[in-house]
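Here's a quick tour of a protein model, written for someone who likes to click around while reading. Keep the viewer open and follow along.

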Amino acid sequence: MKAVVFQGVGQTLTVEERAEDELATNQIKVQVKACGICGSDLHFSETKSAKPGTVFGHEFAGVVSAVGSEVSRWQVGDRVVPLPHSSCGKCTMCLAGENLRCENLQNMGFSPAYTGAYSQFVVVGENEAIHLPDNVDFNRAAAIEPLAVGYEAIAKARIQMDDAALIIGAGPIGLTLATWLKHFGVTHIAISERNEKRLALASQMGANICINANKTDNPVEEFTRQTGRAPSIIFEAVGIPGIIQSCINMAEVGTRIVAVGACQTADTFYPVSCSVKKIELIFPFSYSLADYETIITLINQGRIDPEPLISHIVSLDEVPDIFEALRNPKDHIKVLIDPWK
Ligand SMILES: [Zn+2]
Ligand SMILES: [Zn+2]
């Protein structure tokens, strides 16, 4: 099959022919129909943990093309949206039905051991995959993972309708946060962003205050000027060193700061500045099968729609160039790969 392969820090990805991963008895093989290029892939590709030979890709959907000998819930031809994990099915956690806490859980697309979906075929655990209704197309389904990241962050942040929210960064995750805040009835939803194309999309995705970060270095001040109150919650959706401290510096006393950006290198901040300002720092991570099921239902009912996030659809051959371009995004929002284009 065709796949896009990481070669090492500072090197461009390459397109290669390689063998498909072997199918375990409790796994299904998925023909990938759409896969998102994620900011986490870009960040990860700049770290020492990233190993040559890795095939990225964890935001995807497709069609079942083969099933393991013990698989009971799936048939060839089923439409599927998998979580990017595979559990062993045998450990204490798996036997207790807690398969995402499996002691041997494999995470797709972050090591050479488990091929991600920048490829034509992947294998996933049968219990880590969800049936995709006919009404939800593969492109929207590939956006379920970033929506789930936002959904989990909203849950961990304990959002109430009377919260006032400021999102730093209108990348795909910042934009999904705006979608969820609107969905849950929050009145003031602000996004601060430098990229004008992303800022323009923010209002379509749910933000009602769009702050051009080229014009102010203190979006909390601008938020307060426009609404008469400071944000009660700040979502950091940028993930670069220094951003957490800058949120702490801007925040009013008692603010919750949610680090959704998941910076993958060392970062520093002054814990005492959180203590003094009674700031609660929250680090959300991951999502559940139930989150995916909820999001599929909401998309299927037309109550949320990630389609405006999709700015480009590229072939596997086009991935190496666009992956580099995304390090300094211009008109890109969510770039999807169609491995059969
Ligand atoms: Zn992702
Ligand atoms: Zn297990």
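What follows walks through a metal site, a strand and some aromatic contacts. Bear in mind that this is a predicted model.

Let's start with the metal. Which residues hold the zinc ion (ligand 2)? Its protein donors are the SG atoms of Cys88, Cys91, Cys94 and Cys102, lying 2.3 to 2.4 Å from the ion. Along the chain these donors follow the spacing C-x2-C-x2-C-x7-C. The site is tetrahedral, with angles of 104 to 118° among the four donor atoms. As a yardstick, ideal angles for four tetrahedral donors are 109.5 degrees. Two of the donor residues, cysteine 91 and cysteine 94, are buried.

Next stop, strand S8, which covers residues 121-125. Is it mostly covered or mostly open? Mostly covered: five of its five residues are buried. In a regular strand, side chains alternate between the two faces of the sheet. Here, Phe121, Val123 and Gly125 are buried on one side of S8, and Val122 and Val124 are buried on the other, leaving both faces covered. Strand S3 (residues 27-37) runs antiparallel to S8 and is joined to it by five bridges. Within that pairing, lysine 29 stands opposite valine 123.

Now for the rings. The count comes to eleven aromatic pairs, and two of them are set out here.

| Pair | Centre to centre | Angle between planes | Type |
|---|---|---|---|
| Phenylalanine 56 and phenylalanine 323 | 5.8 Å | 15° | stacked |
| Phenylalanine 121 and tryptophan 340 | 5.6 Å | 80° | edge-to-face |

The stacked pair links distant parts of the chain: phenylalanine 56 sits in the loop between helix H1 (39-44) and strand S4 (59-67), and phenylalanine 323 is 267 residues away in helix H11 (residues 319-325). Both of these phenylalanines are buried. They also belong to one aromatic cluster, made up of Phe6, Phe44, Phe56, Phe110, Tyr118 and Phe323.

The edge-to-face pair brings us back to S8. Phenylalanine 121 lies in that strand and tryptophan 340 in the segment after strand S17 (334-337), so the pair ties together parts that are 219 residues apart in sequence. How buried or exposed are the two partners? Phenylalanine 121 is buried, with a relative accessible area of 16%, while tryptophan 340 is partly exposed, at 38%.

One last ring contact involves a charge. Arginine 79 lies over the face of phenylalanine 138, at 4.5 Å from the ring centre.

Conventions. Residues are numbered from 1 along each chain as its sequence is written. Chains are lettered from A and ligands numbered from 1 in the order in which they are written. This is a predicted model: local features need pLDDT of at least 70, side-chain atom pairs count only at pLDDT 80 or more; totals for chains, interfaces and linings use all residues. Side-chain values use heavy atoms; hydrogens and water are left out. Donors are N, O and S atoms within 2.8 Å of the metal (3.2 Å for Na, K and Ca); water is not among the atoms, so sites may look incomplete. Four donors count as tetrahedral if all angles lie between 85 and 135 degrees; four count as square planar and six as octahedral if opposite donors are over 155 degrees apart and all others between 65 and 115; anything else is irregular. Buried means under 20% relative accessible area, exposed over 50%, partly exposed in between (1.4 Å probe, protein chains only). Helices (H or I, at least four residues) and strands (E, at least two) are DSSP runs, numbered from the N terminus. Two strands pair if DSSP finds at least two bridges between them. Rings of Phe, Tyr and Trp (its six-membered ring) pair if their centres lie within 6.5 Å; planes under 30 degrees apart count as stacked, over 60 as edge-to-face and the rest as tilted. A charge sits over a ring if NZ of Lys or CZ of Arg is within 6 Å of the ring centre and within 35 degrees of the ring normal.
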